[in-house]
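Hello,

Here is the structure I promised to pass on to you. Please have a look at it first, and then read my notes below.

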Amino acid sequence: MSFTRGVCVVTGACGFLGGKLVKLLLEEENLEEIRLLDRCIRPELIQSLEDCHGETKLSTFEGDIRDGDLLKKVCKGASIIFHTASLIDVMGVINYSELYEVNVKGTKLLLEACIQENVASFIYTSSIEVAGPNHRGDPIINGNEDTMYNSYLKFPYSQTKKEAEQLCLNAQGEILQNGGRLATCALRPMYIYGEGCRFTLGHMRDGIQNGDVLLRTSRREAKVNPVYVGNVTFAHLQAARALRDPEKRSVVGGNFYYISDDTPPLSYSDFNHAVLLPLGFGIQDRPFLPFSILYLICFLMEVVQAVLHPLVRFTPALNRQLLIMLNTHFTFSYQKAHRDLGYTPRYNWEEALKTGESLTKSPTCHSIGLAHPSSRSSFGGKMTWTWINIICTLLSLCLTTVVVSDEEPGANCADFNKTTFQKYRQMKGVHVQYLLLTRRNANCASFFTHDCLNHTQNHTAHFNSTLPTKVIIHGYSALGRKPSWVSGLAQALLEKVDANILVVDWLSGASYAYNQVVDNYKEVAVQISILIKKLTTSGINLESFHLIGISMGAHVAGFVGTLFAGKLGRITGLDPAGPMFKNADPYDRLDPSDAMFVEAIHTDSDSFGISIPVGHVDFFINGGLDQTGCVRSSFASIFIYFPVYGYVICDHMRALHVYMSALNGSCPLTGFPCSSYEDFLSGRCTNCDDTFNNICPQIGLLKNSGITMSPLPIHEKVYLLTTSEVPFCVHHVLIELKVSPLIKSAVVQVTLVSMQDIKTKQKLHLETGKTIYKKVVGHPEHLCKIESIHLKNIGALIYRQGNVHFEYICISKIPKMRRLDTLCVENIKIGRGAPWSHHLIQVC
């Protein structure tokens with residue numbers, strides 16, 4: 001029976017299970033409204049559901065599951081609750097008190113809200129861990145809901161889930177405020193797998209670190225029956241339909257149901273191997289240590305944890321409960337769910353594997369609970385998601401001179417995949433190929449494959465395993481057009497250093513709507529990681545790899561680094577993508593733990609770029625916002641092309657061009673650490689003494705950007721100014737002046753003039769009650785080439801100070817290295833509109 005036109009609530013709606021449940025409800029039920037409750041609802045979640053919500057209203061509620069008032073608001077007028085939210089912890093990382101507050105108290109408050117607001121049905125997502133296994137590891141083979149089992153739960157997560165489940169079942173038949181009765185049931189799914197499962201990604205990471213061989217942590221005979229996430233969501237839907245059916249409601253109410261499917265029973269380790277086998281992973285034949293020894297080690301580590309607890313937070317990599325769970329045969333039948341709920345798995349094992357081929361895809365968002373306060377995501381930019389996708393398409397169609405290279409390679413040279421856009425749309429999965437450039441074939445790329453070190457292959461003969469390897473990773477490309485900048489970046493790198501340049505071509509996965517491309521980036525990272533792993537097995541050191549990612553490519557590089565546990569040498573993010581990444585977990589985006597040194601260059605942080613620091617050092621060029629020279633349209637007809645180049649593409653791509661300019665070595669592009677761009681411009685951050693031991697970081701290939709301190713800083717923001725054109729070089733000059741007290745405010749213009757009439761103008765707003773002013777400006781010439789300083793009072797005739805007395809005006813180079821780096825003029829008087837100038841005699 002359908003529950004058409006009802007109002008339902010899904011808690012944990014951004015979770016691995018919750019997000020897929022919302023989508024299924026939209027596809028199969030004509031509901032009046034679905035309310036999404038989670039600690040952080042991101043706009044991209046709503047965007048991803050745009051095509052399937054039809055007439056159903058989607059309402060979002062951000063907050064804590066322990067907020068009783070919020071829960072009443074969410075439940076008001078609802079007919080059914082799907083309670084999927086919880087804190088999941090199998091490692092013992094989270095304190096018991098926090099687990100209890102969220103899993104138990106949150107469930108209790110939600111049930112109370114249901115009673116007060118007359119919600120008729122409540123479905124609780126429980127866990128197989130509420131059943132066991134027990135501390136002895138007693139097995140259950142094809143058990144059911146009537147199987148007797150002596151289970152004593154010691155692990156906090158299992159305890160809190162069991163207690164919450166009991167609260168749910170005990171609430172069966174509770175009288176509602178309107179006199180009706182509440183019906184409840186609980187679903188106990190087995191280990192859930194499917195696209196977006198972070199546990200699978202963790203096993204993949206460990207396997208890569210172990211030479212593409214998965215670690216065996218469970219015995220072959222300790223079989224379990226995992227369940228595909230698509231089948232779990234369908235079981236929830238069937239439970240809801242059963243509770244709406246008057247004949248089934250009394251049968252289902254107050255009961256729990258095991259949810260499994262036709263996935264073949266395998267040990268946890270063999271199951272993970274079956275899922276990851278298509279990616280080329282093997283598995284150890286037997287556990288690396290006998291079970292008894294592992295159990296003893298776990299016990300000793302838990303003793304150490306208890307002893308150190310008052311002093312330091314220490315979490316063992318394995319505990320006894322987890323070890324027992326991994327090594328106990330524990331399988332259950334879904335026959336009762338079939339009989340009472342009408343549940344039959346929608347996907348068989350083969351279909352589940354096919355549907356879940358991209359197990360590395362991230363879920364729509366990453367919350368599994370509601371334990372923490374919400375922080376609303378903001379696009380902080382110039383357009384909504386709809387406009388982002390539209391504009392990206394327009395750019396790809398219209399701006400070929402900007403983002404597309406018409407230059408064709410030689411007949412025998414490798415090139416980006418030439419598959420047409422229409423064929424891209426028909427392709428399944430993400431296809432990645434690699435182009436190799438070295439000083440031996442700098443103008444003619446060769447293909448690079450997994451047999452890369454077999455130098456009998458002509459197309460890989462140029463690769464030199466003794467040289468460092470630079471990996472270039474492009475980002476989003478709406479229509480699959482090859483990027484025009486790749487050759488220039490590769491050439492700049494080769495001019496600077498003798499290296500292998502590997503260009504990653506993943507256009508087939510980067511040529512969809514933006515939110516769909518985000519779903520592909522981890523799969524690209526996994527394929528790159530497999531290639532790197534094959535290279536390292538031939539003796540190439542991980543520290544010799546330098547990944548350079550542009551836009552979303554920066555996050556691809558970051559996830560490659562995650563898979564190698566931060567052991568890569570360096571990652572450079574060129575304006576890392578912001579939409580759908582700014583509020584992501586650091587695990588899912590670029591962050592300092594991804595490599596031994598991570599740097600990022602930000603130039604469009606209010607639109608396509610990310611606005612938060614993501615590296616050890618983050619260069620915010622011109623504040624990371626609108627770039628000089630990008631604020632006006634560069635097209636002949638603004639009415640045809642829209643002014644998007646100036647506001648989006650130019651800003652976003654400026655990071656790449658600045659980086660290439662730095663590689664060409666025209667001038668040092670040096671950043672200054674500061675808490676904000678405003679403080680930097682106000683002259684409060686003019687040296688690097690305290691933060692970097694008097695060495696300011698530079699954009700380029702200097703080791704650690706020139707920073708010599710240890711340990712490296714984290715998320716250190718540095719600021720610098722540039723000009724609007726290549727080579728973008730400026731000399732940072734501090735203008736400092738002191739005026740006599742003013743009766744009225746004033747506006748003065750300071751102009752620095754160098755040879756060939758090169759000018760830098762800066763307005764200063766003078767206020768009453770303030771006498772000293774500082775301003776940092778970027779001047780194209782060195783301080784010693786400034787020939788004159790000009791001052792002019794440009795304030796309005798009314799309400800502005802007419803005559804202004806300057807006690808002094810000084811200009812100085814920053815960072816100041818010596819006394820001669822400061823030039824001062826004293827005792828200056830200027831009237832309104834009357835210019836003043838002073839000529840300087842200097843020798844460079």
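The torsion about the S-S bond of C810 and C824 is about 110°, so this disulfide is right-handed. The two cysteines sit in distant parts of the chain, 14 residues apart: C810 belongs to strand β31 (residues 804-813), and C824 to strand β32 (residues 822-830). Their sulfur atoms are 2.0 Å apart. Please keep in mind that this is a predicted model. The two ends of the link also differ in burial: C810 counts as buried because its relative accessibility is 11%, under the 20% cut-off, while C824, at 46%, counts as partly exposed.

A search of the whole structure finds 6 disulfides, and I picked out two others for you.

One of them joins C667 to C729, with an S to S distance of 1.8 Å. This link is left-handed, with -100° about the S-S bond. The pair ties together distant parts of the chain, 62 residues apart: C667 is in the loop between α22 (644-664) and β24 (672-673), and C729 is in the loop between β25 (716-720) and β26 (731-739). C667 is buried, with a relative accessible area of 18%, and C729 is buried too, at 15%.

The other is formed by C688 and C696, whose sulfur atoms lie 1.9 Å apart. Here the value about the S-S bond is 105°, and the link is right-handed. Both C688 and C696 are buried.

Some cysteines may catch your eye for another reason. Why does C75 form no disulfide with C114? The closest cysteine sulfur to that of C75 is the one in C114, and at 4.3 Å it is too far for a bond, since a disulfide needs the two sulfurs within 2.5 Å. C75 is buried, at 0% relative accessibility. C185 is a similar story: its closest cysteine sulfur, in C168, is 6.8 Å away, too far for a bond. C185 is also buried, with a relative accessible area of 0%.

Finally, a look at a histidine. H474 is found in the loop between β18 (469-473) and α17 (486-496). Is H474 buried or exposed? At 3% relative accessibility, H474 counts as buried. Leaving aside its neighbours within four places in sequence, H474 is in contact with F416, P483, W485, V504, D505, W506, L507, A510, I550 and G553.

Enjoy exploring, and write back whenever you like.

Best wishes

Terms used
Residues numbered from 1 in each chain as written. Predicted model: local features only at pLDDT ≥ 70, side-chain atom pairs only at ≥ 80, totals over all residues. Heavy atoms only, no water. Helix = DSSP H or I, 4+ residues; strand = E, 2+ residues; numbered from the N terminus. Buried < 20%, exposed > 50% of the residue type's maximum accessible area, 1.4 Å probe, protein only. Contact = heavy atoms within 4.5 Å.
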